[in-house]
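Student: I have a new structure in front of me, and I would like to learn how to read it. Could you walk me through some of its features?

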Amino acid sequence: MSTKTKKLIVANWKMNPETPREARELFGRVKRLAARARAAHVVVCPPALWLPLMRSGVNLELGGQDLSAESVGSGAFTGSVSGAQLKYAGATYVLIGHSERRASGETDELIQRKLRAALRAGLRPILCVGERARDANGDYLQIIRQSLETATAEIPRAHLARLVVAYEPIWAIGEGANGADTPNAFLEQAIFIRRVMSQRLPPKQASALPVLYGGSVNEENAAAFLTIGAADGLLVGRASLGADKFAAIVKAAAERI
Ligand code: PGA
């Protein structure tokens, strides 16, 4: 089974765990379960500092949670980590525009620069988009449209072939969330996202664009997003921090067919 047809299960560890020992332990368990899950492909995005403690494996790659918008590999940018540095530390993917980064001031323009920097470094970008609230008129769709259009503006089509989009409604993310979206609603959002991207990409490429669902994914709802919602994968926060919960999600992806 090629990586393309496998479901992409991305673990966003955020600022967890606190110690390198815990990071190694959790990663070890994820590595073993990924090796058994042939129909799933797992990407672990730990804090950048823990990346060198980890090695990719069978059905398993590493990702960064953010990167500098500067497309140089090094320079006078205090506190920043370049795409090239992430790559040297073992990452092949990188999250871009996560809502928790947007909440600290990232704009769609900055996200576009990060997308370029990621592509230049040879990383596979996972562009996160999603609305803060859903309104009955469907105005929120314009937020998603704008995020996609601005982030990908003027990036050559050929480069966008490596893009992954994660649809994560902000109201469904994290502790204070109202719970996950529904698989049926996700299905519609994914169609909308591919329609918007068909202005940037050739039709075949737009219809093959991987769109993941994220926001309160857990072991109970994962299978429904992958089957009813036809998600190409999942972006998992809280439930990726418990090896047993995460194992159940990966298993749902591996057994869905
Ligand atoms: P959650 O986070 O699964 O804890 O809701 C998802 C995310 O922030 O990517």
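Tutor: We will go from the overall fold to the ligand, then to the aromatic rings and a few single residues. Please keep in mind that this is a predicted model, where local features need pLDDT of at least 70, side-chain atom pairs count only at pLDDT 80 or more, and totals for chains, interfaces and linings use all residues. Residues are numbered from 1 along each chain as its sequence is written, and side-chain values use heavy atoms, with hydrogens and water left out.

Student: How many helices and strands are there in the protein?

Tutor: Helices (H or I, at least four residues) and strands (E, at least two) are DSSP runs, numbered from the N terminus. Here the protein has 10 helices and 8 strands.

Student: What does the radius of gyration say about the protein?

Tutor: The radius of gyration is taken over C-alpha atoms, and the globule rule is 2.2 Å times the number of residues to the power 0.38. For 257 residues that rule gives a value near 18 Å for a compact globule, and the protein agrees, with 17 Å. Along the principal axes, its C-alpha atoms fill a box of roughly 45 × 45 × 35 Å.

Student: And what share of the residues count as buried?

Tutor: Buried means under 20% relative accessible area, exposed over 50%, and partly exposed in between, with a 1.4 Å probe and protein chains only. In this protein, 51% of the 257 residues count as buried.

Student: Which residues surround the ligand?

Tutor: A residue is near a molecule or strand if one of its heavy atoms lies within 4 Å of it. Around the ligand we find Asn12, Lys14, His98, Glu168, Ala172, Ile173, Gly174, Gly215, Ser216, Leu235, Gly237 and Arg238. To sort them by class, Ala, Val, Leu, Ile, Met, Phe, Trp, Tyr, Cys and Pro count as nonpolar, Asp, Glu, Lys and Arg as charged, and the others, Gly among them, as polar. The shell then has 3 nonpolar, 6 polar and 3 charged residues.

Student: Where do backbone atoms lie at short range from an oxygen atom of the ligand?

Tutor: A backbone N or O atom of Gly174 lies 2.8 Å from a ligand oxygen, and for Ser216 the distance from a backbone N or O atom to a ligand oxygen is 2.8 Å. Gly237 has a backbone N or O atom 2.9 Å from an oxygen of the ligand. The ligand taken alone exposes 280 Å², and the protein buries 99% of that; such areas come from the Shrake-Rupley method with a 1.4 Å probe, and for residues, only the protein chains shown count as cover.

Student: How many aromatic pairs does the structure hold?

Tutor: A pair of aromatic rings is described by the distance of the centres and the angle of the planes. Rings of Phe, Tyr and Trp (its six-membered ring) pair if their centres lie within 6.5 Å; planes under 30 degrees apart count as stacked, over 60 as edge-to-face and the rest as tilted. This structure holds 4 such pairs. Tyr167 and Phe186 make a tilted one, at 6.4 Å centre to centre and 35° between the planes. Tyr167 sits in strand β6 (residues 164-167) and Phe186 in helix α7 (residues 183-197), so this pair ties together parts 19 residues apart in sequence.

Student: What kind of pair do Phe186 and Phe225 form?

Tutor: Their ring centres are 6.5 Å apart and their planes are at 80°, so this pair is edge-to-face. Phe225 belongs to helix α9 (residues 222-227) and Phe186 to helix α7, so the pair ties together parts 39 residues apart in sequence. Phe186 is buried at 0% relative accessibility, and Phe225 is buried at 1%. Tyr167, Phe186, Tyr213 and Phe225 form one aromatic cluster.

Student: Which peptide bond is cis?

Tutor: The bond from Asn16 to Pro17 is cis, with omega near -15°. Pro17 is in the loop between β1 (7-12) and α1 (20-36).

Student: Is Glu154, with its positive phi, buried or exposed?

Tutor: Glu154 is not a glycine, yet its phi is about 65°. Glu154 is exposed, with a relative accessible area of 71%, and lies in the loop between α5 (140-152) and α6 (157-160).

How values were computed:
Polar contact = N/O pair within 3.5 Å; in protein donor to acceptor, adjacent residues only side chain to side chain.
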